[in-house]
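Visitor: I would like to take a close look at a single part of this structure, and then to see how the rest is arranged. Please begin with the surface.

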Amino acid sequence: MDVQVFWEAISAYNRQTAAVQAVLLTFLLGMTALSYAGKVRWAAKCALGVVHLFLAAVFFARYGRDSIQLFFALPLFLACGLLFLYECRHCRSDELARPDLPRTVLLVLCLSYPLCSLLAGNAFPQMVTSIMPCPVVSFGIVVYSGYTRKNRLLLALLTLWGLTGIKSLLFHVYEDLILLLCGLYGARQLLLERRRS
C-alpha cells in the first residue's frame, strides 16, 4: 500500500467522521468503565463489538482504497465485531479483572495514541485518532485479556492485527509501535490460554 494513499484515506475519514468518533469514544470509555466497576460486566464487549463493526463498515468499506483493506482488514474487523457481540450475549457474567501493572501501562499507551501521533509530527486530520483500527484493536486486546474467560479465536484475530504494528516503520506511523506492543501482549495471552487448556 502506498504511504500517501494511506494518509489520504485517514485524512478523509477524520474530516468526515470527527463528531461520530467523539460519540463512539465516549461510548467505548463509558461502557468499559461500567465493566471495570463490575456494574455491567458485558458492557465493554458490547462497545468493542459496536466500534469494530463501525470501523469495518466505515473506515474499511467506505475509505479503504487498497485490496488488503477490503479483503483482509474489513473481514477481520467484521469478525471481531460479531465475536465481541456474541461474547457480550452468551458470556454476560464473565468478570473483567482490574488491570494489573502491564495492562495499566498498555491502557495508558492506548489512550495516548492521538498524543503520540501529534508528537510524531502529525496534525489533524492527517493523524491517528482514538477511533481508528490500530488504537481500537490495541485497546481491545488489553481490555479483553482481562476477562476471566476468553474466546481464543477472537483473541487470535485481535493479536493478528496487533502484530501488524511492525508496519509502523514502513509507513512512518511510529505511534503504531503501541499496536505492536499490544500484539505481543496478546500473543503472550494466547500462549497462557493454551497452557491452561
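Visitor: Which residues form a nonpolar patch on the surface, and about how much accessible area do they have together?

Guide: The model is a predicted one. Its nonpolar surface patch is formed by Ile166, Leu169, Tyr174 and Leu177, and together these residues have about 390 Å² of accessible area. One of them, Ile166, is located in the loop that runs between helix 7 (152–163) and helix 8 (177–196).

Helix 7 also takes part in an aromatic contact, through Trp161. A search of the whole structure finds ten aromatic pairs. Among them is the pair of Phe77 and Trp161, which is edge-to-face, with 5.1 Å from centre to centre and 90° between the planes. This pair links distant parts of the chain, since Phe77 belongs to helix 3 (residues 67–90) and Trp161 to helix 7, 84 residues apart.

Helix 3 also borders the loop that holds one partner of a salt bridge. The structure holds seven salt bridges, including one between Asp94 and Lys45, whose closest N and O atoms are 3.2 Å apart. Asp94 is in the loop between helix 3 and helix 4, whereas Lys45 is in helix 2 (residues 43–63); the pair therefore ties together parts that are 49 residues apart in sequence.

From the surface and these contacts, we may turn to the interior space. The structure holds one cavity of 30 Å³ or more, and the largest cavity has a volume of about 70 Å³. Its lining consists of Leu25, Leu28, Leu29, Cys110, Leu111, Ser130, Pro135, Val136 and Phe139. At least two residues of this lining come from each of helix 1 (3–36), helix 4 (101–111) and helix 6 (133–144). By class, eight residues of the lining are nonpolar, one is polar and none is charged.

Helix 6 leads to a last feature, in the loop between helix 5 (113–119) and helix 6, where Pro125 is found. Phe124 and Pro125 are joined by a cis peptide bond, with omega about 10°.

Technical notes:
Residues are numbered from 1 along each chain as its sequence is written. This is a predicted model: local features need pLDDT of at least 70, side-chain atom pairs count only at pLDDT 80 or more; totals for chains, interfaces and linings use all residues. Side-chain values use heavy atoms; hydrogens and water are left out. Patches are made of residues with over 30% relative accessible area and no salt bridge: like charges are joined within 9 Å, nonpolar side chains (Val, Leu, Ile, Met, Phe, Trp, Tyr) within 5 Å. Accessible areas come from the Shrake-Rupley method with a 1.4 Å probe; for residues, only the protein chains shown count as cover. A salt bridge is a side-chain nitrogen of Lys or Arg within 4 Å of a carboxyl oxygen of Asp or Glu. Helices (H or I, at least four residues) and strands (E, at least two) are DSSP runs, numbered from the N terminus. On a 1 Å grid over the protein atoms alone, a cavity is a set of points where a 1.4 Å probe fits but cannot get out, and a pocket is an open set with protein on both sides within 12 Å along at least five of seven lines; lining residues have an atom within 4 Å of a point. Grid points are joined across faces, edges and corners, and a volume is the space filled by probe spheres set on the points. Ala, Val, Leu, Ile, Met, Phe, Trp, Tyr, Cys and Pro count as nonpolar, Asp, Glu, Lys and Arg as charged, and the others, Gly among them, as polar. Rings of Phe, Tyr and Trp (its six-membered ring) pair if their centres lie within 6.5 Å; planes under 30 degrees apart count as stacked, over 60 as edge-to-face and the rest as tilted.
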